[in-house]
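Work through the exercises below with the sequence and the model open. Each task is followed by a solution in steps.

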Amino acid sequence: MKIKYLSLALLNIMCFSAVAAEVNSLNTDNSFFKDSKFEFSTRNHWKYLKENASQPKEVHSAWGQALTLNYKSGYWLDILGFDVTYDNVIKLGASDYFATRNLLYNDGKKPDKHNAHGFNKFTQRYAKVKFGNKDVNFNGKAGWHSLKDMGVISSSQNLTRNSYLGYSGTLKYSNLALSLAYIDSALPRESAKKVHFYSLDRKSEIDNIKTAEIAYKDKVIKLDYSYGVAKDYIKRHAIEFSYKPIEKLTVGSQIYGSTALKNHDKMKANVRDFDDSAWHYAADVEWKEADWSAKFGIAYTDANRKGAIGYYGRHIGKNNRGRYNGMAAAGADYMRDGEVVLSSVLGYDFFKDNTTGLYLNYGEFNYKHETLKNGEINVFNIWKPTSGTFKNLSILSKFGYGWSYKTMSSKDITPKLRDGHAQRSPTLSAETVIDYRFNLL
């Protein structure tokens with residue numbers, strides 16, 4: 001752990017906060033300082049997987065501790081501001097094949113636990129602008145920043161969030177919103193190293209990803225359409241819809257599609273996820289009571305690949321995270337060509353601020369006259385106090401058992417048949433996440 005970088009970042013932001021406090025004491029009307037927020041948070045994250053789908057039985061495990069400083073300024077002249085996020089990750093433990101858990105930095109090419117390291121980075125550092133009023137307004141960012149469901153791009157968090165270099169902005173008018181984004185590089189969740197976007201075979205660099213989104217939202221309906229292009233590689237569509245006729249009931253649907261461009265077509269057939277296009281269709285229904293909830297979903301994937309099983313890949317090549325909010329995105333990602341998957345999430349609050357539940361998936365698809373069945377059962381528990389001493393604490397734990405089949409390789413999910421039949425491949429998984437947040441300003 002590089003303590004000096006964490007200490008320096010903390011010192012700099014604390015000094016800035018002291019200046020802000022002094023300015024406030026002078027009764028200034030400058031919202032740049034008055035509306036500033038400074039937060040220190042910690043995350044302890046452990047992930048475990050035992051599987052033998054593409055190799056002899058192996059354990060994939062990683063454990064780390066993240067320390068995060070997050071500063072958000074107000075707006076100078078109610079127009080311009082900046083935000084900074086600094087992350088420091090400490091390695092606590094790792095097995096061989098740790099890199100698949102996306103927690104620790106892999107300083108090597110082999111799946112060796114000795115290649116696991118912590119890292120530190122300024123995950124976000126961007127300028128922000130805003131214009132307008134409550135009815136019509138624009139918010140934009142430029143620099144390194146995370147993008148959660150901005151068009152066809154998204155960000156996800158393990159020990160840290162992935163972030164992108166580029167521009168993004170949203171124009172809102174009443175219940176309508178138009179968003180645009182342009183990105184050309186990334187900082188992955190598990191690394192401080194700047195990377196570019198690449199095709200799945202890493203032979204073609206994706207120069208940039210552009211995306212646009214138009215959304216409508218009121219108390220009953222949410223409708224969102226996004227379109228994006230990874231230059232010369234993939235075109236992507238995303239449609240998300242939800243309808244809430246009464247307070248307890250929500251009905252939803254999602255459609256996601258990818259169409260190949262020239263650099264995708266250049267890849268060898270055994271590397272790419274699909275040939276010409278891949279589509280995923282899903283629908284779900286959710287019922288919520290005060291102390292329990294139940295959500296059920298069904299989905300189907302069409303992703304043809306000649307002589308093999310195709311797949312709807314959520315992400316647009318390497319080093320980015322694609323937008324996806326369907327229920328099929330579980331441990332095994334149930335999005336193979338011709339696969340129908342049934343999903344459910346059941347939760348019950350046995351006592352205040354604590355939810356215990358089950359997450360279940362069951363999928364089927366056909367390959368060479370063989371019906372392949374796969375699924376998983378996960379038990380989870382979330383404790384998140386809403387008041388008292390521990391109101392900024394959150395503890396998630398889950399473990400599960402899954403069953404699937406032997407694959408051709410870790411990169412090719414086509415079934416590896418023996419005498420014309422699939423070979424069973426069980427999995428065991430577990431995960432814990434402990435978050436705590438301190439508001440320093």
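For sorting residues, Ala, Val, Leu, Ile, Met, Phe, Trp, Tyr, Cys and Pro count as nonpolar, Asp, Glu, Lys and Arg as charged, and the others, Gly among them, as polar. The model is predicted: local features need pLDDT of at least 70, side-chain atom pairs count only at pLDDT 80 or more, and totals for chains, interfaces and linings use all residues. Residues are numbered from 1 along each chain as its sequence is written, and side-chain values use heavy atoms, with hydrogens and water left out.

**Exercise 1. Describe the second largest pocket and sort its lining.**

Step 1. A pocket is an open set of points on a 1 Å grid over the protein atoms alone, with protein on both sides within 12 Å along at least five of seven lines; a cavity is a set where a 1.4 Å probe fits but cannot get out, and lining residues have an atom within 4 Å of a point. Grid points are joined across faces, edges and corners, and a volume is the space filled by probe spheres set on the points.

Step 2. The volume of the second largest pocket is about 1,300 Å³.

Step 3. Its lining has 47 residues, and those nearest the centre are Asp 149, Glu 213, Lys 217, Asp 224 and Arg 323.

Step 4. Sorted by type, the lining gives 11 nonpolar, 18 polar and 18 charged residues.

Step 5. Strand β7 (residues 136-145) gives the most to this lining, with five residues. Strands (E, at least two residues) and helices (H or I, at least four) are DSSP runs, numbered from the N terminus.

**Exercise 2. Find the largest cavity and the strands around it.**

Step 1. One cavity of 30 Å³ or more is present in the structure, and the largest cavity holds about 40 Å³ of space.

Step 2. Residues lining the largest cavity include Gln 254, Asp 284, Met 327 and Ser 343. The lining divides into seven nonpolar, three polar and one charged residue.

Step 3. At least two lining residues come from each of β17 (277-288), β18 (292-302) and β20 (340-351).

**Exercise 3. Trace the pairing from β15 through β16 to β17.**

Step 1. Two strands pair if DSSP finds at least two bridges between them.

Step 2. β15 (residues 234-246) pairs with β16 (residues 249-260) in the antiparallel sense over 11 bridges. The hairpin from β15 to β16 passes through two residues, and Ile 234 stands opposite Ala 260 in β16.

Step 3. β16 and β17 also run antiparallel, joined by 11 bridges; Val 251 has Val 285 in β17 as its bridge partner.

**Exercise 4. Classify the ring pair of Phe 32 and Phe 82.**

Step 1. Rings of Phe, Tyr and Trp (its six-membered ring) pair if their centres lie within 6.5 Å; planes under 30 degrees apart count as stacked, over 60 as edge-to-face and the rest as tilted. The whole structure has 16 aromatic pairs.

Step 2. The ring centres of Phe 32 and Phe 82 are 5.8 Å apart and their planes lie at 45°, so the pair is tilted.

Step 3. The pair links distant parts of the chain, 50 residues apart: Phe 32 is in helix α2 (residues 31-34) and Phe 82 in strand β3 (residues 80-94).

Step 4. Buried means under 20% relative accessible area, exposed over 50%, and partly exposed in between (1.4 Å probe, protein chains only). Phe 32 is buried because its relative accessibility is 11%, whereas Phe 82, at 29%, is partly exposed.

Step 5. Ring pairs join Phe 32, Phe 33, Tyr 71 and Phe 82 into a cluster.
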